[in-house]
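Let's take a walk through this one together, starting with a backbone oddity and working out to the packing and the charged pairs. Keep the viewer open as you read.

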Amino acid sequence: MTSPVKKLISTPCWANYGVVRMSSPLVSMRGLERHYHMASGTVRALDGIDLEVSEGERIILLGPSGSGKTTLLNCISALDSPTAGSYSFDGSPVPNDDSEEMTSFRRENIGYVFQFFNLLQDLTVMENITLIQELAGGRDEARARQLLELVGLSEEVDRFPAEISGGQQQRVAIARSLAKRPRLLLGDELTGNLDSKTSAMVMEVLVKACQSEGITCIFVTHDETLVEYSTRVVRLDSGRIWSDTPVG
Ligand SMILES: Nc1ncnc2c1ncn2[C@@H]1O[C@H](COP(=O)(O)OP(=O)(O)O)[C@@H](O)[C@H]1O
Ligand SMILES: [Mg+2]
């Protein structure tokens, strides 16, 4: 099924506006496959993925356990290399055979929010953010404060992760993921460790932060209630996309 987003992308813009303008989708995958060769046979974790993601979209990736969600995120972030197919990011092929280049691609373009927050326990909230800035090229406390304000944690800058709640820790992780200004933010079950009320609060903060920073997002979940925070829902099963629909 061709999604309305795909139709939009494939509609020549000069047809509507009389102006020729070429712009690449941020993510463009064609026939992407990832196989695992096991003693018991080949597992086709991804089995022909065609996916285009435009800047500003917020995609929720839904699917049962084992459907290929994490494998797809790993291929999108160049943590993993596809077995077959093509993948371009902003019009350029994504490296898939050289770990240095894959690392640079990831460092320059991808932010990540994890299920278990992964904050450094011996560093304060502020230090968790400024450390990432230093690794990405430059400490900027004013920007770190601005991000912490964006996620509603201005009062907690000098606390340690153990002194704040799980929801607050995930909001620190969101601020941290935005610190290097990624083009694309990925999350794998990022609310999986939170109760439903806290999940809703974290997702609201996340949407606000991504809108304000102009960041494109893809979130994996099996929680259908998170659909309301997305602009598009992609459903996977057996390594294939079986539905791709815009929200609202
Ligand atoms: N490293 C691996 N080695 C072998 N099989 C794997 C590996 N990683 C994932 N798989 C298999 O690929 C399929 C998709 O896995 P995964 O992407 O983790 O699914 P999901 O995140 O939707 O639960 C599953 O059948 C899983 O067992
Ligand atoms: Mg998974």
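Where is Phe117 found? Phe117 sits in the loop between strand 6 (110-113) and helix 5. Bear in mind that this is a predicted model, so everything here is computed from its atoms. What draws the eye to Phe117 is its backbone: phi is positive, about 65°, although the residue is not a glycine. For context, most residues other than glycine have a negative phi. Phe117 also counts as buried, at 7% relative accessibility.

Ala78 plays a similar tune. Its phi is near 60°, again a positive value in a residue other than glycine. You'll find Ala78 in the loop between helix 3 (69-76) and strand 4 (84-89). With a relative accessible area of 1%, Ala78 is buried, since anything under 20% counts as such.

Back to Phe117 for a moment, because it leads us to Gln169. Leaving out residues up to four places away in sequence, Gln169 touches Phe117, Leu119, Gln121, Pro161 and Ile164. Gln169 belongs to helix 7 (residues 166-178), and at a relative accessible area of 13% it is buried.

Now for the greasy part. The largest nonpolar core has 39 residues, and the ones with the most contacts inside it are Leu148, Leu185, Leu206 and Phe219. Which elements give two or more residues to this core? They are strand 3 (58-62), helix 5 (125-136), helix 6 (141-150), helix 7, helix 8 (196-213) and strand 8 (216-221). Helix 8 gives the most, with seven residues. If you want a place to zoom in, try Leu206: setting aside neighbours within four places in sequence, Leu206 is in contact with Ile174, Leu185, Leu190 and Phe219. Two of those partners, Leu185 and Phe219, were already on the list of residues with the most contacts in the core.

There is also a second, separate core of 28 residues. Among its members are Ile59, Leu73 and Val220, along with Ala78, the residue with the positive phi near 60°.

On to the charges. How many salt bridges does the structure hold? The count is 14. One of them joins the side chains of Arg30 and Glu52, at 2.7 Å from N to O. Arg30 lies in strand 1 (residues 27-38) and Glu52 in strand 2 (residues 41-53), so the pair ties together parts that are 22 residues apart in sequence. The two ends of this bridge have their own surroundings: Arg30 is partly exposed, with a relative accessible area of 40%, whereas Glu52 counts as buried at 10%.

Asp244 and Arg232 form another salt bridge through their side chains, at 2.8 Å from N to O. Here Asp244 comes from strand 10 (residues 240-246) and Arg232 from strand 9 (residues 232-237), so this pair links parts 12 residues apart in sequence. Buried or exposed? Both Asp244 and Arg232 are buried.

Compare that with Glu134 and Arg139, whose side chains also meet in a salt bridge at 2.8 Å, N to O. Glu134 counts as partly exposed at 42% relative accessibility, and Arg139 is partly exposed too, at 45%.

Finally, salt bridges can join up into something bigger than a pair: Glu33, Arg44, Asp47 and Arg240 are linked in a network of them.

Definitions and conventions
Residues are numbered from 1 along each chain as its sequence is written. Chains are lettered from A and ligands numbered from 1 in the order in which they are written. This is a predicted model: local features need pLDDT of at least 70, side-chain atom pairs count only at pLDDT 80 or more; totals for chains, interfaces and linings use all residues. Side-chain values use heavy atoms; hydrogens and water are left out. A salt bridge is a side-chain nitrogen of Lys or Arg within 4 Å of a carboxyl oxygen of Asp or Glu. Helices (H or I, at least four residues) and strands (E, at least two) are DSSP runs, numbered from the N terminus. Buried means under 20% relative accessible area, exposed over 50%, partly exposed in between (1.4 Å probe, protein chains only). Contact means heavy atoms within 4.5 Å. A nonpolar core is a set of buried Ala, Val, Leu, Ile, Met, Phe, Trp, Tyr and Cys residues joined through side-chain atoms within 4.5 Å.
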